[in-house]
Amino acid sequence: LGVSAVELNQGDNKSGRINRSDVAAICVESLASPAAFDTTFECYYSDTAKGLDDVMASNAKAVSTGETTTPTAAMTGRERRGDTWPKLFEGLERDAVAA
């Protein structure tokens, strides 16, 4: 589906579904992005986003029945969207340095 369908988030509080080809593209593009350096993030299609408590049941239902899921309206404030790879990675917070 490409970069414009992807949402990144940080903090392990949202998840969703994404194709392997887009995960591969995120991996490759993040290597060239200073904004993605030393960061950890979740990636999923924005129209499949769910809170972690809801995502497993929602994904299982969608996969088994082909039913479209309704994305969560809850926002964490750490969502990242963009129409280009550099814009998608903008604003990611670097991982804390281990002591």
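Analyst: Before we look at single residues, a residue counts as buried when its relative accessible area is under 20%, as exposed when that value is over 50%, and as partly exposed in between. Please also keep in mind that this is a predicted model.

User: How should I apply that to the pair in helix H3, and are Trp 85 and Phe 89 buried or exposed?

Analyst: Both Trp 85 and Phe 89 are buried, and for Phe 89 the relative accessible area is 0%, so Phe 89 falls under the 20% limit. The two residues both lie in helix H3, 4 residues apart, which is about one turn of the helix.

User: How do I read the geometry of aromatic rings here, and how many aromatic pairs are there?

Analyst: The general idea is to look at the distance between ring centres, which must lie within 6.5 Å, and then at the angle between the planes, where under 30 degrees counts as stacked, over 60 as edge-to-face and the rest as tilted. By this rule there are 2 aromatic pairs. In one of them, Phe 41 and Phe 89 have centres 6.1 Å apart and planes at 50°, and the pair is therefore tilted. This pair links distant parts of the chain, with Phe 41 in the loop between helix H1 (20-31) and strand S3 (42-45) and Phe 89 in helix H3 (residues 85-89), 48 residues apart. Trp 85 and Phe 89 form a stacked pair, 6.3 Å centre to centre with 25° between the planes. Phe 41, Trp 85 and Phe 89 together form one aromatic cluster.

User: Which residues make up the largest nonpolar core?

Analyst: As background, nonpolar side chains in soluble globular proteins tend to be buried together. In this model the largest nonpolar core has 11 residues, namely Val 3, Ala 5, Val 6, Leu 8, Ile 26, Ala 36, Tyr 45, Trp 85, Leu 88, Phe 89 and Leu 92. Strand S1 (6-9) and H3 each supply at least two residues of this core, and H3 gives the most, with 3 residues. When residues up to four places away in sequence are not counted, Trp 85 touches Val 3, Asp 22, Ala 25, Ile 26 and Glu 29.

User: What does Ser 30 touch?

Analyst: For a polar residue, it helps to ask about both burial and partners. Ser 30 is found in helix H1, and its relative accessibility of 18% is under the 20% limit, so it counts as buried. A polar atom of the Ser 30 side chain lies 2.9 Å from the backbone oxygen of Cys 27. Leaving out residues up to four places away in sequence, Ser 30 touches Ala 36 and Phe 89. By contrast, Arg 17, in the loop between strand S2 (14-15) and H1, is partly exposed with a relative accessible area of 25%.

User: How do I read the overall fold, and what radius of gyration does the protein have?

Analyst: One starts from the order of elements and then turns to whole-chain values. The protein has 3 helices and 4 strands, which run β-β-α-β-β-α-α from the N terminus on. A compact globule of 99 residues would have a radius of gyration near 13 Å, and the protein has 14 Å, which agrees. Of the 99 residues, 33% count as buried. Among contacts between residues at least 6 apart in sequence, 77% join residues at least 24 apart.

Terms used:
Residues are numbered from 1 along each chain as its sequence is written. This is a predicted model: local features need pLDDT of at least 70, side-chain atom pairs count only at pLDDT 80 or more; totals for chains, interfaces and linings use all residues. Side-chain values use heavy atoms; hydrogens and water are left out. Rings of Phe, Tyr and Trp (its six-membered ring) pair if their centres lie within 6.5 Å; planes under 30 degrees apart count as stacked, over 60 as edge-to-face and the rest as tilted. Buried means under 20% relative accessible area, exposed over 50%, partly exposed in between (1.4 Å probe, protein chains only). A nonpolar core is a set of buried Ala, Val, Leu, Ile, Met, Phe, Trp, Tyr and Cys residues joined through side-chain atoms within 4.5 Å. Contact means heavy atoms within 4.5 Å. A polar contact is a pair of N or O atoms within 3.5 Å; within protein, one must be able to donate a hydrogen and the other to accept it, and residues adjacent in sequence count only if both atoms are side-chain atoms. The radius of gyration is taken over C-alpha atoms; the globule rule is 2.2 Å times the number of residues to the power 0.38.
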